[in-house]
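Biologist: Could you take me through one part of this model at close range? I would like to look at a single strand and then at what surrounds it.

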Amino acid sequence: MVLHQTPKENGSSEIEIVYDVPKSKLLKVGIRSGSTLFKGTLDEGGSLVGNARLTNSRCGIIQYEVQGTFDPSSSVPFFLRGPAPKRARDCTVESWSTTGENANLRFDPQ
């Protein structure tokens, strides 16, 4: 993963987290180097809020809201958490899960 931070005039920053070298299982569903996993806003207090993207080879991309706390000067891992969608066979959202890796995204700053 690669994190891009773009400062804004109001003191906040736009944050985008993209795949650098996706795992083979992610390549199978269409994720490539540079594909966006998360896009959101970091406020001056360290609150990071935005949308994560979940990709399925049959149903495509669905976005869902996640949030967490992030300090750009720290090398400590951080989490973005939020209920992740679970899709039915017809690709509609059948439920939301607060457990599992899609609802608890961990990032290790480099």
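What follows is a request about strand 6 and one connected reply.

Biologist: Which residues form the covered face of strand 6, and which form the uncovered one? Please also tell me which strand it runs antiparallel to, and what you can say about the pocket lining and the loops.

Modeller: Happy to, and please keep in mind that this is a predicted model. Strand 6 spans residues 78-81, with Phe78 and Leu80 on its covered face and Phe79 and Arg81 on its uncovered face. That pattern fits a general rule: in a regular strand the side chains alternate between the two faces of the sheet.

Let us take the covered face to begin with. Phe78 is buried, as is Phe70. The model has 2 aromatic pairs. In the pair made by Phe70 and Phe78, the ring centres are 4.5 Å apart and the planes meet at 40°, so this pair is tilted. A tilted pair is one whose angle falls between the limits of 30 and 60 degrees. Phe107 joins Phe70 and Phe78 in one aromatic cluster.

The other covered residue, Leu80, leads us to the neighbouring strand in the pairing: Leu80 stands opposite Leu105 of strand 9. Strands 6 and 9 run antiparallel and are joined by 4 bridges.

On the uncovered face, Phe79 and Arg81 have a contact of their own. The charged end of Arg81 sits over the Phe79 ring, at 4.2 Å from the ring centre.

Strand 9 also takes us to the largest pocket, because strand 9, a run covering 104-107, supplies at least two residues of its lining. In fact, strand 9 gives the most to that lining, with 4 residues. Strand 1 (2-7), helix 1 (24-27) and strand 4 (47-56) also supply at least two residues each. The pocket has a volume of about 910 Å³, and 33 residues line it. Those nearest its centre are Met1, Tyr19, Leu37, Arg106 and Phe107, so Phe107 belongs both to this group and to the aromatic cluster described above. By type, the lining has 19 nonpolar, 7 polar and 7 charged residues.

Strand 4, another contributor to the lining, has a partner in strand 5 (residues 60-69), and the two pair in the antiparallel sense over 10 bridges. A hairpin with 3 residues between the strands joins them. Ser47 has Thr69 of strand 5 as its bridge partner.

Just a few loop positions remain. Gly46 lies in the loop between strand 3 (36-42) and strand 4, and its relative accessibility of 10% counts as buried. The C-alpha atom of Gly46 is 23 Å from that of Tyr19, with their positions 27 residues apart along the chain. Ile31, in the loop between helix 1 and strand 3, is buried too, at 6% relative accessibility. From Ile31 to Gly68 the C-alpha separation is 24 Å, for 37 residues in sequence.

Finally, have a look at Cys91, in the loop between strand 7 (84-87) and strand 8 (93-97). Its phi is near 75°, a positive value in a residue other than glycine. For comparison, most residues other than glycine have a negative phi. Cys91 has 28% relative accessibility, which means that it counts as partly exposed.

Methods. Residues numbered from 1 in each chain as written. Predicted model: local features only at pLDDT ≥ 70, side-chain atom pairs only at ≥ 80, totals over all residues. Heavy atoms only, no water. 1 Å grid on protein atoms, 1.4 Å probe; cavity = no way out; pocket = protein on both sides within 12 Å on 5 of 7 lines; lining within 4 Å. Points joined across faces, edges and corners; volume = space filled by probe spheres on them. Nonpolar A, V, L, I, M, F, W, Y, C, P; charged D, E, K, R; others polar. Buried < 20%, exposed > 50% of the residue type's maximum accessible area, 1.4 Å probe, protein only. Pairing = 2+ DSSP bridges. Phe/Tyr/Trp six-rings, centres within 6.5 Å; stacked < 30°, edge-to-face > 60°. Lys NZ or Arg CZ within 6 Å of the ring centre and 35° of its normal.
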